[in-house]
Structures are given as C-alpha cells and as structure tokens.
Amino acid sequence: METSSRAKVLIEFFDVDIVRIRVAPGGAFERNISYAIDHSRDRKTPAVKVSQTRSEIILSNQHGTKVVIRKIPFSIKILDESGRTILEDDPRHPTLFDKSTGEIQTTKLRKSEIETYYGFGEKAFTGMSRHGQYIVNWNTDTFSYAIGTDPIYQSIPFFYALYDGKTYGLYFNNTFRTYFDMGKTSPERYIFGADGGELDYFVFTGGRERSPRKVLEDYANLTGKTPLPPMWALGNHQSRWSYFPESRVREIAEGFRSRRIPADVIHLDIDYMDGYRVFTWDKERFPNPPRMISDLKNDGFKTVLIIDPGVKVDEKYGVYADGKKIGMFVKNPDGSELQRDVWPKASAFPDFTDQKARLWFGDQFKKHLDEGVAGFWTDMNEPATFMTEKTEKPESNHHPAKTFPINTPHAGDGFPDTHRRYHNLYGMQMARSTFEGVKKLAPDKRPFVLTRAGFAGVQRYSAVWTGDNYASWDHLALSIPMLANLSVSGVPFVGCDVGGFNEMPSGELYARWLQAAALTPFLRSHSVGWVKNKEPWEFGDEFTRINRATIELRYQFLPYFYTLFREHELTGQPVMRPLWYQYPNDKQTYLIDDEYMVGNDILVAPVVKQGMTTRGIYLPLGAEWIDWWTGEKIESGKIHYLQTPIDRLPIFARVGSVIPTQLVIQHTGEMPSANITLNVIVGISPGKTENTVLYQDAGEGYGYKSNEWREVKIEHQRDRLKINYAGNFSGQKLRYIQAIGIRQKPREIRIDGQPVQTFEFDKVLNRLKIELPEQLKEISLVY
Ligand code: MIG
C-alpha cells in the first residue's frame with residue numbers, strides 16, 4: 001500500500017501468529033538484512049484471506065485473527081478469534097514520520113492503566129513491569145550505574161503487554177536509537193519510535209491461548225535461540241579485575257579446592273595482556289600461559305579471557321598492522337582510520353558489521369584456543385570509548401559522546417550506513433565474530449561467549465551479564481527484575497556480577513547475593529580491583545560455610561539446569577522466569593519482583609534486604625507448592641511470612657514435579673560419577689499424570705546432535721513413578737528417589753514389583769529416601 005504522503009506500507013502475517021507491519025516513509029523498503037532475525041530457519045507463509053470495503057482492508061488467518069486496516073486516516077487494529085482487541089492504533093495519534101529528519105513514531109492505545117509490560121531486555125529499572133516508564137535503546141557503557149539509569153549496555157526493543165491474563169508481544173525491528181513511552185506521558189497510550197530507519201514491527205498475537213509462552217516461542221523462532229552451552233559454563237565462575245600474576249591465579253584456584261568450594265571457571269580480566277593489546281599476554285605476569293592453563297585444567301578449572309574490541313594503534317603489533325593492511329578497521333567519514341582512546345590508549349576498531357572483519361577477528365582466537373583457553377568474555381563493545389580532548393566536556397561516566405560519532409560509516413554487510421543505524425549492533429556482531437570464529441577453529445567444542453553489549457538476537461551467540469553493578473542491597477534487589485526481564489527477552493543465559501562489581505559488600509550482602517544468584521542461569525562473582533578481596537571465603541568462617549553451601553546447592557541443581565537449557569534450545573523457553581510469565585492467570589503475580597522461577601518447577605524467593613530473617617513469600621495460584629527445605633505444603637494465592645535465616649535460600653517446588661539433582665561435586669568434570677537423585681514432589685491429585693524429562697549428554701561437543709544423548713522420561717502419578725529411557729548415551733546413574741512433602745511412612749514401596757524394605761523416612765522434614773537399583777522402570781508407593 002502507499003499512503004497519500006507516498007510512504008509504503010506492508011502488512012502481512014509473517015507467521016501464523018505473527019503480524020508484521022512495515023512503513024517506509026521514503027517510499028522504498030530497506031533491503032531485508034535484519035541482523036536480529038535468525039535467517040537460518042525456514043518459514044512458511046500462512047494462508048491468509050484478504051477482503052476489502054471502501055474504508056477498510058481486512059486480513060485474517062486460519063485462527064481467525066484479523067488485521068483491520070482503516071484507510072482514512074490510516075490506522076491498524078488486530079483482533080483475536082473471539083473479536084477481542086489485541087492491539088490498536090490510537091485514532092487521535094496517527095503514525096508519524098518526518099522525512100527530513102528520518103524520525104518515525106506510532107502510538108497504541110493501552111487496554112487500561114494497569115496493562116503491564118515486560119521484557120525490553122536489560123533495563124536498570126526497579127519493579128518487574130515497565131508501565132509508566134520511558135525507555136531508550138542506545139547501548140551505553142554505564143560504569144557503576146545508578147538504579148534508573150537508562151539506556152545501559154543492551155538494546156532489545158521487544159516487550160510483552162499483559163492485561164487480564166491475555167498477552168501479546170511486540171518487537172520493533174529497528175536498530176537506531178529507539179524509545180518507548182509506556183504510558184508515562186499519558187496513561188491512555190504508549191508510544192514508540194526511532195531516530196531513523198523503518199517503522200517495522202512484529203506483533204506476536206500469542207496464538208489461541210494468548211499466553212506469554214506462545215509469544216516467546218514465536219519471538220525465539222524469529223530471533224533465534226541459545227545453543228546448548230558446555231556443561232562447565234553452568235558451573236561457578238570466579239572473576240576480578242584482575243587476577244594476576246600467574247601465582248595469584250593459582251592461589252585462587254587452590255583457594256576453592258582447599259576449602260572444598262565448588263568452581264569451574266576463572267576469568268582473566270584486562271591485565272593479562274601486554275599493554276592491553278588484545279590477543280597477547282604480559283610475559284612477566286604470565287610467562288607460560290599454556291602451562292598455567294593446562295595445570296588449571298587438570299585441577300578442574302577452565303580459563304576464560306576478556307577480549308576488548310579496541311586494537312592498540314602500534315605498527316609493531318601484528319594484530320594492528322595486519323588489520324590495518326587489509327582494511328578491517330572502522331573509518332572516519334573522510335576515510336582516515338577512526339581512533340579513540342580505550343585501555344591501550346589510541347586504538348582502532350574492527351568493523352563488526354562487515355563479514356570480512358568478523359572472519360578476520362574470529363581467526364585471531366586461534367592463538368588462545370591453542371593455548372587451551374576455554375571461553376571468551378567480550379567487553380567494551382557498546383562500543384565504549386574514553387573521552388578525548390576532541391569531545392566536549394564535561395567528562396562523566398555516562399557521557400553520550402563515549403562512543404563513535406554517529407556519522408561514522410559502517411559496511412553493514414553490503415548495506416553501508418552510519419553509526420546511527422549500526423551502533424546498537426556493534427556488540428552483538430562482535431559476539432557473533434567471536435562465537436563463529438571459535439566454533440570454526442574448534443568445531444568439536446561448544447563455544448562459550450559472554451558479552452556486555454547486544455541487541456535482539458544476541459542469544460544466538462552469547463551469554464550476557466548486566467555490566468558494572470554496585471555492591472548495595474538495592475542493586476541486589478534490582479538484579480531479579482533485570483535478569484527475569486532479560487530472560488523473557490529471548491536471552492536465557494544471563495547473570496549479574498555477584499557481590500556487586502563496584503565497591504565492597506558486607507559478608508551478609510555477599511552471602512545473600514550469592515544465594516539470590518545461585519539459581520540464576522549464569523553464576524559469576526566479579527569485582528573491581530581496588531577493593532579488598534571478595535572471594536567467597538573472604539568474609540570469615542561462618543560466611544565461608546554459608547557460601548560453600550550456596551555454591552553446593554548450585555551444583556546439586558545442575559542436571560535440572562542443563563535440562564532447561566536443552567529445552568530452551570528446542571523450544572525457546574527461558575531458564576529463569578518471572579512469576580507472571582508462568583502464571584498469567586494469577587494477577588497477583590504481575591508485579592512480583594523479588595521472586596523468580598527456574599523452569600516450571602522451582603520457585604526461588606531470595607532475601608534481598610539487609611537483616612531480613614523473615615520475608616513475605618507469594619506462591620502463585622494454579623499450582624500447589626512444597627517448601628523445599630521443610631517439606632511442608634504452603635497454600636498458594638496468598639503471602640506467607642516465613643523464616644529466612646542467613647544460611648537459607650527459600651526455595652519452593654511444584655507439587656507433581658520431579659526435579660533431578662546430583663550429589664555435591666567440586667567441578668563439572670566430576671559429574672559423570674555423581675549420582676542423580678529424583679526429587680519427587682508429592683501430593684499430586686488422584687488420576688493426574690505429570691511428565692518430566694531429565695536430559696543428559698556428554699556436556700560438551702556435538703555428539704548429542706546425533707545419538708549421544710539420553711532422556712529419562714518420568715511419568716508421575718499419585719502412587720507411582722514410571723521411568724523410561726530414550727537415546728543412547730549412558731548418563732549419570734539414577735541412584736536415589738527422594739519424596740518431598742510426604743507426611744507419613746508409606747504402607748508399601750515396590751520397585752519393579754519387588755517390595756522394598758530399606759528406606760529412610762524423615763518425619764520432621766517430610767522426606768522419604770530410597771536407594772535405587774540400576775535401570776529401574778517403575779516404583780510404586782502406597783500410602
Ligand atoms: O572500563 O576490563 O564491565 O566487568 O572488569 C572498564 C575491566 C572495563 C568493564 C567491565 C568489567 C571489567 C572492566 N571493564
């Protein structure tokens with residue numbers, strides 16, 4: 001369609017439950033090269049009926065979803081199969097575009113002042129919902145950000161709207177600086193727009209059920225999923241800016257092992273490099289990296305290196321000289337090399353929007369892979385630069401000029417344009433270059449990449465951490481809505497700097513933070529270098545004991561986490577989930593921001609306030625819950641005030657679920673011999689069946705893409721568990737059943753028909769434990 005102002009409009013069912021709306025103000029659509037969209041996937045165009053009257057054009061799909069396009073004035077409305085409005089333009093605020101500046105904007109009516117919004121990637125706002133907030137997307141290095149600072153490192157212009165149990169999603173496919181006014185200036189409407197580009201957005205109708213699950217499934221199909229990470233990456237990571245020299249790194253590793261605190265990964269921050277030259281080592285601090293890395297490996301530690309995009313301008317440094325010679329670096333509009341100060345002082349920057357530069361940078365990882373480095377942490381890729389004399393004063397941590405000038409040209413993979421269009425993609429494309437480079441060089445391993453900056457789709461290449469947070473209780477509390485919203489924005493592998501990056505936490509704050517993070521997808525302690533040591537054992541014996549138990553808990557839950565990452569890879573579902581996502585029909589969950597779920601079955605309610613030894617805990621309606629520690633049943637649908645002593649992370653398990661845990665190990669290399677416990681959460685109603693799967697494979701490599709995997713399928717009925725195996729891999733052994741929430745000793749227990757005499761029954765903690773023979777098929781408990 002063309003409008004009277006010669007703009008082009010395209011409205012289509014992009015997929016059955018996705019409506020795509022494109023408005024090209026200039027009259028021509030951009031080439032469809034979106035970096036956000038996962039182009040590896042085949043898409044079928046759904047069957048659509050089109051009808052037309054004098055004033056309207058109507059598209060409808062096989063589910064009866066309708067898009068009604070009013071011709072004059074131009075406006076759009078989407079209705080579900082029962083004729084309820086999913087989303088509609090505000091008739092008083094038509095879609096706007098300004099051909100001279102390139103700005104575009106559109107306005108939608110809110111269903112109500114209490115329509116809530118979620119997602120939006122990484123935002124440092126308190127509260128779970130984004131209603132009444134104003135959001136900007138422009139990747140920014142925000143050291144020690146205050147709560148409410150916006151924008152920060154990542155930009156994901158995707159959100160969910162939730163009202164009365166019905167959801168839709170909206171992804172604004174625009175990489176320029178975008179903004180969303182979610183009912184801030186007027187409670188009646190929300191407004192979004194951009195500095196340039198197309199008004200191109202996808203509406204996820206949520207299918208028949210209009211559920212968050214379905215919205216995310218479709219969004220993940222559009223922008224891609226995180227491939228199954230190596231098992232070690234789900235272990236405990238330890239970092240500091242920086243651990244050096246080599247002896248200190250060894251001391252840290254030894255610190256974990258001698259105290260029997262589990263850990264898998266040590267991160268080396270920028271001081272390992274020779275004068276901050278990326279892909280080099282400081283030979284005095286680290287005289288023999290391969291030997292150190294291999295010794296660490298023998299001790300069960302993987303080494304991860306930080307990698308910055310800035311390449312030191314130094315003709316005698318091979319990476320720079322080579323990159324310059326073959327034209328890999330970003331240029332100024334006049335064709336000279338763009339140079340900015342970062343850690344190595346004057347530096348040049350690869351143009352990651354250019355396939356050639358991505359391949360070239362990706363090849364540099366060979367050196368580190370040969371040395372035995374296991375993973376890479378890409379920092380400063382907003383891109384961040386220091387202020388130079390050339391930029392205007394005043395210097396500040398969050399100055400908008402601390403990146404490339406907006407008129408800087410980029411290759412854009414055949415679609416050249418300026419930094420205005422490509423700024424928000426720079427970090428994601430650096431992560432892509434890293435992921436693809438490492439995968440090509442070490443094709444039998446699963447890459448581990450951790451990135452600070454990113455855009456929608458970053459999950460295809462990388463895990464994400466929330467940058468330079470602060471050692472305060474507020475920041476601990478903030479981490480839950482931040483990580484939960486990031487998780488439902490399609491990025492499952494997320495974590496924050498445990499203990500706070502900047503400043504020194506108290507022992508209590510560190511312990512509570514570690515607890516809150518222990519069951520988040522990515523677990524890493526990190527810190528600036530100018531405060532006292534803050535490894536988990538640095539806060540006195542009592543806290544060492546508590547912190548050890550917290551990390552042990554993480555390791556016990558690894559089989560469950562791993563299964564969830566596999567589920568994500570297949571279905572796009574997140575690992576960490578806000579309560580509203582899982583229980584959209586329970587309105588009391590909509591604003592809960594101090595609890596989260598891990599998968600379907602575990603609810604975590606960490607303590608995020610100082611000195612709090614009781615806290616209110618809400619357990620959602622639509623399921624029944626058992627306190628993981630006491631085995632007591634807790635009524636759902638209301639707030640309970642429960643004891644939360646300093647050595648306990650409150651966890652609740654869903655009745656009917658079967659949650660696999662493993663015995664405590666010191667690192668994931670010990671997993672093959674760690675036996676599995678199936679934790680059966682009892683109390684399922686008669687006649688009901690719950691199905692659970694435990695997924696197992698080698699934890700590394702791609703054997704699982706053929707037949708080296710195993711699924712343990714568990715069918716849970718009131719008095720019976722049936723166990724079936726699929727796949728060829730011989731995974732960890734199922735060794736114990738622990739029934740949690742069991743109030744009396746069963747009258748009879750049978751395993752594959754044979755009565756069982758020996759078991760442990762704990763009347764106080766409502767638990768029953770049975771040791772299993774190998775390869776059992778069925779176990780029955782008669783109460
Ligand atoms: O300008 O490499 O967010 O995790 O320790 C600071 C030093 C650069 C910022 C990262 C932080 C890292 C630090 N980096």
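The chain holds 13 helices and 51 strands, taken as DSSP runs numbered from the N terminus, with helices (H or I) of at least four residues and strands (E) of at least two. Its radius of gyration is 27 Å, close to the 28 Å that the globule rule gives for 783 residues, so the chain is as compact as a globular protein of that length. The radius is taken over C-alpha atoms, and the rule is 2.2 Å times the number of residues to the power 0.38.

This is a predicted model, in which local features need pLDDT of at least 70 and side-chain atom pairs count only at pLDDT 80 or more, while totals for chains, interfaces and linings use all residues. Residues are numbered from 1 along each chain as its sequence is written, and side-chain values use heavy atoms, with hydrogens and water left out.

| Property of the chain | Value |
|---|---|
| C-alpha box along the principal axes | roughly 80 × 75 × 50 Å |
| Buried residues | 63% of 783 residues |
| Exposed area | about 28,700 Å² |

Buried means under 20% relative accessible area, exposed over 50%, and partly exposed in between (1.4 Å probe, protein chains only). Accessible areas come from the Shrake-Rupley method with a 1.4 Å probe; for residues, only the protein chains shown count as cover. Carbon and sulfur atoms supply 49% of the exposed area.

Strand 41 (residues 658–662) has 5 of its 5 residues buried, so it is largely enclosed by the rest of the structure. Val 658, Pro 660 and Gln 662 point one way from the strand, and Ile 659 and Thr 661 the other way. Strand 41 runs antiparallel to strand 42 (residues 676–681), joined to it by 5 bridges; pairing requires at least two DSSP bridges. Within this pair, Ile 659 stands opposite Asn 679 of strand 42.
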